[in-house]
Amino acid sequence: MTAAIIIQSLASGLLMGLLYGLIAVGLALIFGLMDVTNFAHGEFLMFAMYVTFFCFTFFALDPLLSAPITAAVLFAFGAMVYMLIVRFAMRAKTNVGMVQIFATFGLAIVMRGLAQLLFTPDYRSIPTTWLGGKTVEIAGIYLPAPQLAGGAVSILAFGLLWVLIKRTDFGKALEATREDAGAVALVGIDRNKVFALGWGLGSALVGLAGAIMASFFYIYPDVGASFALIAYVTVALGGFGSVFGAFAGGIVVGLVEATTAMILPPSLKAVGIYAVYLLVVFFRPRGLFGSI
Amino acid sequence: MSTNAFTARRKRQLAIGLVILVLVACLPLGITDVYTLNILILTLMYAGLSQSWNILGGYCGQLSLGHALYFGLGAYTSTLLYTKAGVLPWFGMIAGGIIAGIIALIIGRACFKLAGHYYVIATIVVAETGLLLFHNWTWAGAATGIELPIRQDSWLYFQFARNKLPYFYFVLVFAALTWLITWKIENSKWGYWWRAVKDNPEAAESLGVQVFNSKMAAAALSAFLTAIGGAFYAQFVAYIDPESVMIFQFSLLMALPAVLGGIGTLWGPVLGAAILIPLTELTRTFMGGSGKGIDLIVYGCLIMAIALARPDGLMGLFTRRKRSAA
């Protein structure tokens with residue numbers, strides 16, 4: 001194996017890792033805000049991919065153009081899921097953890113069933129996109145344009161998120177609510193509104209990821225499952241609740257996956273990710289950047 | 001509650017258990033069609049599996065979503081011993097239980113210091129790793145799986161190709177045994193330790209409870225029993241591959257009845273399985289054939305509805321009524 005191939009694989013791994021980070025960050029945001037793990041996160045991703053697909057089929061919109069639409073649809077969907085389901089799951093006084101797991105897991109099954117019913121179990125793909133099939137050469141490394149754009153979108157999204165959290169009133173409300181959801185009511189912040197917006201924002205981020213992925217992955221009702229586990233591992237690796245831990249976690253997962261694929265048979269590439277997760281939490285039980 | 005009332009309640013539980021056992025044992029007298037018997041067998045199997053899960057997940061409070069690994073280890077150990085070395089499934093079953101128990105101890109050694117979601121995800125990750133390894137392990141059939149050779153219908157080989165009734169009685173004993181073990185545990189040193197560990201590990205530790213050892217014991221027992229269920233399942237379906245015995249859905253299906261029925265309660269897993277498994281099978285039969293996902297929609301709505309409406313499980317209905325009556 002030459003150095004060029006290794007660098008090539010690691011570069012692809014890095015791009016994939018940026019996407020993993022983008023998929024996972026919504027999960028981390030919601031968890032950090034209210035200690036809820038969305039077990040339907042993979043299905044949110046699947047939904048976003050279908051939205052992008054239908055934007056292309058019906059309105060001939062390129063995934064790059066429809067990405068904001070997908071994000072907006074997912075924003076509304078996420079806020080709705082909070083208002084209709086999660087809000088009630090949080091009222092449970094006993095077994096709070098399990099109630100949340102199974103309420104969102106039930107939602108995941110319903111979404112998969114609905115996707116089968118409405119969109120059929122067929123594998124779909126977006127045949128022609130602006131960037132599809134193009135590659136970009138950087139210093140002898142060839143990178144596929146869609147993935148490169150995905151990485152750029154991911155970095156951009158994380159940048160905006162950072163500004164949003166650190167520099168705006170909404171970000172302050174978000175921070176305050178995650179610190180003490182009871183006390184914020186005293187200063188006139190509507191807890192439910194912040195939570196709903198948090199769910200909307202987290203879902204919009206996974207919507208963005210779905211829009212990018214729709215251009216180079218097959219789209220089918222179960223597509224979320226394989227990415228969901230990676231998203232949970234990414235979030236845990238970075239440290240639950242840490243938004244920028246998810247970013248770092250995503251990059252680590254992407255690089256580890258690329259490295260494992262070079263050493264082990266491709267069907268075992270996830271084993272490397274799992275092993276690294278176990279190794280990290282063995283030494284740092286709160287993940288890389290977790291503080292809670 | 002006074003000691004006497006407590007003992008009386010435990011005796012009453014045992015009596016109720018015995019009555020239900022006898023009633024269920026009589027069911028095949030009235031039921032002859034294979035389809036219904038099949039549902040009964042699966043219901044009892046999940047009652048037993050969920051009861052086993054409940055020991056670690058419910059009583060000890062370590063929410064494992066990786067029990068599919070132990071189930072699969074049980075299925076694979078007994079099947080491999082039988083097909084490769086001719087060892088009778090009965091010994092294979094015990095061997096599978098012991099291997100699963102040892103693996104659970106190794107996993108516990110590494111993972112029990114993790115809390116909350118970090119632990120849950122670790123259990124999923126370990127089980128998925130097992131799934132991938134079995135997928136690529138050629139000697140163990142890899143992705144193609146292993147078919148159990150049909151010899152003859154006998155208890156010796158624990159194989160009944162024509163009449164499934166013996167499986168029903170075995171799995172009834174399995175469910176009853178896991179129930180009895182849980183009943184016994186409720187009033188044992190371990191039972192109290194586990195609940196203390198679940199409620200407040202720091203306080204338990206300060207009172208002299210060996211938190212880590214408690215978790216290890218619960219994990220080993222839970223894994224052992226789960227693997228017995230796995231070995232049974234392999235005999236019952238006579239064909240296993242990684243997808244059919246080790247996928248994540250199994251982990252959920254083991255936790256779900258306990259959660260729906262009442263997590264960390266004696267009757268929760270039984271009640272949960274008695275409702276959930278027939279419903280799952282019936283929706284699959286009557287609505288799943290179309291391949292349109294309606295069965296999934298119904299099933300998912302059901303899970304959501306129960307989780308939201310009865311956060312402490314269906315057993316909460318009984319305890320609440322009792323409390324208001326007292």
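Here is a short back-and-forth on the two chains of this predicted model.

Me: What should I know about the ground rules before we start?

Reply: It's a predicted model, where local features need pLDDT of at least 70, side-chain atom pairs count only at pLDDT 80 or more, and totals for chains, interfaces and linings use all residues. Residues are numbered from 1 along each chain as its sequence is written, chains are lettered from A and ligands numbered from 1 in the order in which they are written, and side-chain values use heavy atoms, with hydrogens and water left out.

Me: How do you know how confident the predictor is in chain A and chain B?

Reply: Look at pLDDT, the predictor's confidence in each residue, from 0 to 100. Chain A has a mean of 88, with 98% of its residues at 70 or more; for chain B the mean is 86, and 96% reach 70 or more. Among the elements of chain A, helix H2 (residues 41-59) has the highest mean, 95, and strand E1 (residues 135-138) the lowest, 81. The model as a whole scores ipTM 0.86 and pTM 0.88.

Me: What makes a stretch of chain A count as a helix or a strand?

Reply: Both are DSSP runs, numbered from the N terminus: H or I over at least four residues for a helix, E over at least two for a strand. On that basis chain A comes to ten helices and two strands, in the order α-α-α-α-β-β-α-α-α-α-α-α. Chain B has 14 helices and two strands.

Me: Why does the radius of gyration of chain A agree with a compact globule?

Reply: The radius is taken over C-alpha atoms, and the globule rule is 2.2 Å times the number of residues to the power 0.38. With 292 residues the rule gives a value near 19 Å, and chain A has 19 Å, so the two agree. Chain B, with 326 residues, has 20 Å against an expected value near 20 Å, so that agrees as well.

Me: What makes the A–B pair an interface, and how much area is buried?

Reply: Contact means heavy atoms within 4.5 Å, and 43 residues of chain A are in contact with 41 residues of chain B. Buried area is the accessible area (1.4 Å probe) that two parts lose on being put together, summed over both; here that's about 3700 Å², 79% of it on carbon and sulfur atoms. On the chain A side, helix H4 gives the largest share, 14 residues.

Me: Why is the pair A:Glu43 and A:Arg112 called a salt bridge?

Reply: The rule wants a side-chain nitrogen of Lys or Arg within 4 Å of a carboxyl oxygen of Asp or Glu. A:Glu43 and A:Arg112 come to 2.8 Å, N to O, so the pair qualifies. The two residues sit 69 apart in the chain, A:Glu43 in helix H2 and A:Arg112 in helix H4. Over all chains the count is two salt bridges, with zero across the interface of chain A and chain B.
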